[in-house]
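Please open the structure in your viewer and keep the selection tool at hand. The tour below proposes one selection after another and describes what is found at each.

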Amino acid sequence: MSEAKGRGQRLVSSEYKPAASSCYLDGVEFLAAFFDELSCWGVRDVVVSPGSRSTPLSMTACELSRRAPERMRVFVDVDERGAAFFALGMAKATGRPVAVVCTSGSAVANYYPAVLEAESSRVPLIVLTGDRPPRLQGLGAPQTCDQLNAYGSHVRAFRQMPLPSADPAAVGFARQAAREACIASLGEGVLPDEGLRLAAACWGGPVHLNFPFDEPLKPDLSAEGVFDVGRSLSEAFGVMRPRASFGMQDAARVSSLLANRRTLVLAGEGSCATEFEARKVLAWAEAFDLPVLADPLSGLRCFADNVVIDNYDSLFGVGGSVPEERAPQAVIRFGRFPVSKKATQMVASLRPMQIVVDPLETRDCNAATDLFVRCRPVEFAGSLRVACDLGTIDHEPSDRQRDFAGAWKAANDAARSCLIAADSVEAGFEGAFVRRVVELAPAGSCLFAANSMSVRAVDTFCLKGNKSLTVLCNRGLNGIDGTVSTALGAAQSFAQTTLLTGDLTLLHDVNALALQRELRVQAAQGGGSPSIVIVLLNNNGGGIFDMLPQKSDEDYFERLFLTPQDVDFAAAAQAFRVPYRRAETVSQFDEAYRACLGVPGISLIEVPVPLEGLRERYAPYWNLS
């Protein structure tokens with residue numbers, strides 16, 4: 001690129017010469033500038049669903065990844081629904097926006113489930129859809145439908161892009177549109193520092209840009225300087241979020257509200273993202289002797305601190321009941337409500353004073369927020385700790401609070417010994433296998449839990465300890481669609497990932513096993529290949545309904561709710577060239593799991609468990625109080 005003076009000045013590379021052939025898409029500079037700007041603002045990954053009308057988008061992204069693999073990677077998934085969830089998983093694991101590209105027509109609709117999940121879980125997803133040009137709209141042209149605002153209010157921003165043009169003003173607009181997409185997708189968040197995230201605390205959401213293209217569709221990307229056109233000379237790319245203002249007066253007000261009230265912290269998904277944030281939150285909780293009821297998705301179970309209450313779901317009675325000595329008078333909630341339904345029921349039935357800490361919204365389905373503090377949990381905890389150190393507030397816990405915290409800690413320790421005993425169950429119990437996964441999973445790896453019984457088993461049997469284990473799940477809408485694809489996307493940020501799933505969830509996204517080939521392609525290109533072990537707890541149906549009011553001895557129960565499918569998963573694994581093992585006992589599972597750890601690509605371990613009797617198997621672990 002030629003030299004230029006002046007901060008922020010824009011220039012065109014002296015080496016760049018636009019294509020003159022009419023065989024190629026006009027305005028290739030427009031798309032090159034767009035993807036270059038995405039990269040400048042932190043987008044490192046693009047997932048492509050192959051199609052014709054999106055050719056300019058996919059080929060431009062691919063060319064940038066070829067020229068600068070350190071700036072952008074491209075993954076290919078032929079299943080649009082899976083591709084969107086794959087991208088969502090990557091964004092959830094990193095906190096960075098990930099772009100996903102598809103063609104026109106029904107492909108756009110296949111992204112919808114992942115867009116809804118990204119909205120609910122605040123995951124930064126940038127959806128780029130190819131479309132027919134305006135002259136073909138509404139006239140019966142094939143593969144053409146109205147894609148304007150296709151996702152309605154479920155995206156943080158929508159932009160209808162113009163037809164590509166090499167005009168300097170158009171190129172400048174392309175870059176600005178890319179910036180605005182990154183800003184909108186990050187929301188209240190910022191580009192995270194590189195490094196391990198313990199949990200999926202995201203503060204943004206999905207955005208949608210619709211690109212109309214006329215034929216010819218193939219771009220000529222042969223020119224050396226095509227990605228430099230219109231690029232700013234400034235290196236100050238990204239979003240800066242100044243520290244939230246939570247001053248000494250705010251800290252004093254919160255402290256006065258909590259005075260003489262038995263207080264606990266309810267920490268759900270979104271409580272923290274990194275080890276630094278988690279340690280800061282726990283240091284504050286230690287100083288004030290606050291029991292922290294830590295959801296497995298909070299990131300706080302990676303620490304063995306005494307204030308971390310990891311077995312709380314086992315300590316609640318029916319409807320979330322607790323004995324008087326553990327009944328809170330005030331609750332500070334970080335993130336969404338936990339996986340534990342009984343925790344939510346406890347808050348609803350006792351109606352303690354509730355302080356919700358979140359930079360965006362209360363997410364209070366109980367409609368009972370007394371004070372909303374608009375900041376991140378780490379900022380809230382840090383400010384209170386500073387106020388404590390400066391003597392602005394009295395941090396010495398009262399005898400009432402000490403007794404309250406002590407009651408929670410004692411009950412938690414008692415529950416732990418019972419849960420560890422699940423290891424002695426050799427066969428037929430899901431909890432025993434989940435315990436082994438948690439024990440054997442390497443430090444620094446990812447445990448991705450499917451919804452339904454899988455995440456509930458993780459909630460019960462994933463005990464706290466001083467091991468970094470990133471636990472993720474699609475809890476935004478609690479759906480089973482796209483779970484395998486999401487886990488495979490998240491796995492791109494870890495050397496080792498374990499997906500814990502049931503049979504219906506795996507069947508719903510079995511096409512994702514086809515990504516085994518894409519992972520090999522990535523490895524061949526020098527990108528490495530993570531190890532992903534799918535642990536299939538196969539009860540041949542929807543066992544969770546055995547614990548719900550729908551349970552019945554009548555014929556409709558099996559047909560409508562248990563829904564056994566009798567799938568041969570060994571044959572399915574073979575079809576996609578996925579190594580397969582079967583383990584019926586814990587001893588067999590230990591051997592199979594250890595053998596799969598570190599194996600590049602996807603491996604599948606099937607564990608058969610009974611469909612019926614779920615309530616009886618879990619009763620000893622969920623009814624301790």
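At what angle do helix α1 and helix α2 pack, and how far apart are their axes? Select residues 28–40 for α1 and residues 55–67 for α2: the angle is about 55 degrees, and the axes are 10 Å apart. Axes here are lines fitted to C-alpha atoms, for helices over the stretch in contact, and angles run from 0 to 180 degrees between N-to-C directions.

Before continuing, note that this is a predicted model, in which local features need pLDDT of at least 70, side-chain atom pairs count only at pLDDT 80 or more, and totals for chains, interfaces and linings use all residues. Residues are numbered from 1 along each chain as its sequence is written, and side-chain values use heavy atoms, with hydrogens and water left out. Helices (H or I, at least four residues) and strands (E, at least two) are DSSP runs, numbered from the N terminus.

**First stop: three helix pairs**

Remain with the first pair. The angle makes α1 oblique to α2; angles under 35 degrees count as roughly parallel, over 145 as roughly antiparallel, 65 to 115 as roughly perpendicular and the rest as oblique. The crossing of α1 and α2 is right-handed, a term used if the near helix is turned clockwise from the far one by less than a right angle, whereas an anticlockwise turn is left-handed. Show the side chains of L31, A32, F35, D36 and S39 in α1 and of P56, L57, T60, A61 and L64 in α2, which make the contact. Contact means heavy atoms within 4.5 Å. These residues divide into 7 nonpolar, 2 polar and 1 charged. Ala, Val, Leu, Ile, Met, Phe, Trp, Tyr, Cys and Pro count as nonpolar, Asp, Glu, Lys and Arg as charged, and the others, Gly among them, as polar.

Next, select α3 (residues 80–94) and α5 (residues 112–121). Their axes come within 8 Å and cross at roughly 20 degrees; α3 and α5 are therefore roughly parallel to each other. In this pair, A84, F85, L88 and K92 of α3 meet P113, A114, E117, A118 and S121 of α5. The contact has 6 nonpolar, 1 polar and 2 charged residues.

For the third pair, select α13 (residues 430–440) and α14 (residues 453–461), whose axes come within 9 Å and cross at roughly 65 degrees. That angle makes α13 roughly perpendicular to α14. Here G431, V434, R435 and V438 of α13 touch A457, V458 and F461 of α14.

**Second stop: the interior**

Which residues touch the most other members of the largest nonpolar core? Select V47, V100, L488, I602 and L604, which do so in a core of 51 residues. A nonpolar core is a set of buried Ala, Val, Leu, Ile, Met, Phe, Trp, Tyr and Cys residues joined through side-chain atoms within 4.5 Å. Buried means under 20% relative accessible area, exposed over 50%, and partly exposed in between (1.4 Å probe, protein chains only). The largest share of this core, 9 residues, comes from α3.

Now centre the view on L488. Leaving aside residues up to four places away in sequence, L488 touches F86, A512, L515, I532 and I602. Apart from this core lies another, of 43 residues, among them L463, L537, A592 and V607. Then select helix α15 (residues 483–490), in which 8 of 8 residues are buried; L488 is one of them.

Two further buried positions merit a selection. Q354 is in strand β11 (residues 353–357) and counts as buried because its relative accessibility is 3%. G299, in the loop between β8 (292–294) and β9 (308–309), is buried at 2% relative accessibility. Beyond residues up to four places away in sequence, G299 touches L198, A199, C272 and A278.

**Third stop: backbone details in loops**

Most residues other than glycine have a negative phi, and most peptide bonds are trans. Select E215 and P216: a cis peptide bond joins them, with omega about 0 degrees. P216 is found in the loop between β6 (206–212) and α7 (248–258).

Finally, select N149 and then A367. N149, which is not a glycine, has a positive phi of about 50 degrees, and its 47% relative accessibility makes it partly exposed. A367, also not a glycine, has a positive phi of about 55 degrees; at 69% relative accessibility, A367 counts as exposed.
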